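Me: Hey, I've just opened this one and don't know my way around yet. Can you walk me through it?

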Amino acid sequence: AGVCGVVVASAAHAGDAFATPDGVPSESSRPVVLILPGQSVGILPYGKMKSNLEAGGYDARVLDLKGTDVVSDAHRIADEVLRVREDNPDAEISLVGHSAGGISAREYLKHQGGTEDIARYIAIGSPQYGSPGACVQSGSAKDLCPGSEYMEELNAGDDTPGPTEYYAIRGEHVWAVGRLDGGQCRMKSVASPSPLINGGFHHSIEPLQSEVSAAVLAALNGTCTGEFVDEPIDSIQAKDTIFQDGL
């Protein structure tokens, strides 16, 4: 599986989650959500999620990130946050990263001072301690290989620094569990749309699932539908974060 190969409010309430609330604030005062795509996926698969978040009262924007150079992408996130601040200094800003997009967001939070600007960090299927699929890639894309110098540096010390709230969303049987040490809400996992769709393919279609959007909305509203876990710093190893449900 590649880096993108690897959760949420109940499906019964998913429709309610997308209803526009009474008294929706003006566009300029809506909380801003930056959606960060997975590796080489592009922005198109995130259109449905963007619409769902907008219906939920958020100013949702999809950044066109490649996901093959997480440090460079983190700088682009920083630039966009700065633009939001210039337009509205008091805006509440959250990050929703899918797969490698979640790693770029963590790079921004941990190494570029982003925690002071970001209210909530929500990772969807992000391989927080690396993806074996990255090990056969070239250039900076190989940084996401478990045990790489980059991953060791990213995960040294507190994985969840600052006042930012950290949430993890994952499909039932996708390959990366998304664990971080420090304080993290691990949302209730999202059921596969079919018993035959699991692993890497389920991970790839996560942005298209209404249940995933509902989970993102719950997290944006500060609701932990699963369990809040505070693991000791540096207690997680890469091997403990992948393939826990098998292939």
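Reply: Sure, let's go through the sheet and the helices around it, keeping in mind that this is a predicted model.

Me: What order do the strands of the sheet come in?

Reply: The order is β2-β1-β3-β4-β5-β6-β7, seven strands in an open sheet with mixed pairing. From one strand to the next, the twist averages 25°.

Me: And which strands stand at the edges?

Reply: Those are β2 (59-62) and β7 (227-231). Each has a single partner strand, so one side of each has no neighbour in the sheet.

Me: OK, switching to β4. Is it largely enclosed or left open, and why?

Reply: Largely enclosed by the rest of the structure, because six of its seven residues are buried.

Me: How does the chain get there from β3?

Reply: Through helix α4 (residues 100-111), in a right-handed β-α-β crossover. Strands β3 (residues 93-98) and β4 (residues 118-124) run parallel and are joined by six bridges.

Me: Which residue in β4 is the bridge partner of serine 94?

Reply: Arginine 120. Arginine 120 also stands opposite glutamate 165 in β5.

Me: How many bridges join β4 to β5, then?

Reply: Five, and these two strands run parallel. With helix α5 (residues 149-154), β4 and β5 make a right-handed β-α-β unit.

Me: What about helices lying across the sheet strands, which ones does α2 cover?

Reply: Helix α2 (residues 47-55) lies across β1 (32-36), β2, β3 and β4, at about 165° to β2. Helix α7 (residues 210-220) lies across β1, β3, β4 and β5 (165-169), and runs at about 155° to β4.

Terms used:
Residues are numbered from 1 along each chain as its sequence is written. This is a predicted model: local features need pLDDT of at least 70, side-chain atom pairs count only at pLDDT 80 or more; totals for chains, interfaces and linings use all residues. Side-chain values use heavy atoms; hydrogens and water are left out. Two strands pair if DSSP finds at least two bridges between them. Helices (H or I, at least four residues) and strands (E, at least two) are DSSP runs, numbered from the N terminus. Axes are lines fitted to C-alpha atoms, for helices over the stretch in contact, and angles run from 0 to 180 degrees between N-to-C directions. Contact means heavy atoms within 4.5 Å. Buried means under 20% relative accessible area, exposed over 50%, partly exposed in between (1.4 Å probe, protein chains only). A crossover is right-handed if, with the strands pointing away from the viewer, the path from the first strand over the helix to the second runs clockwise.
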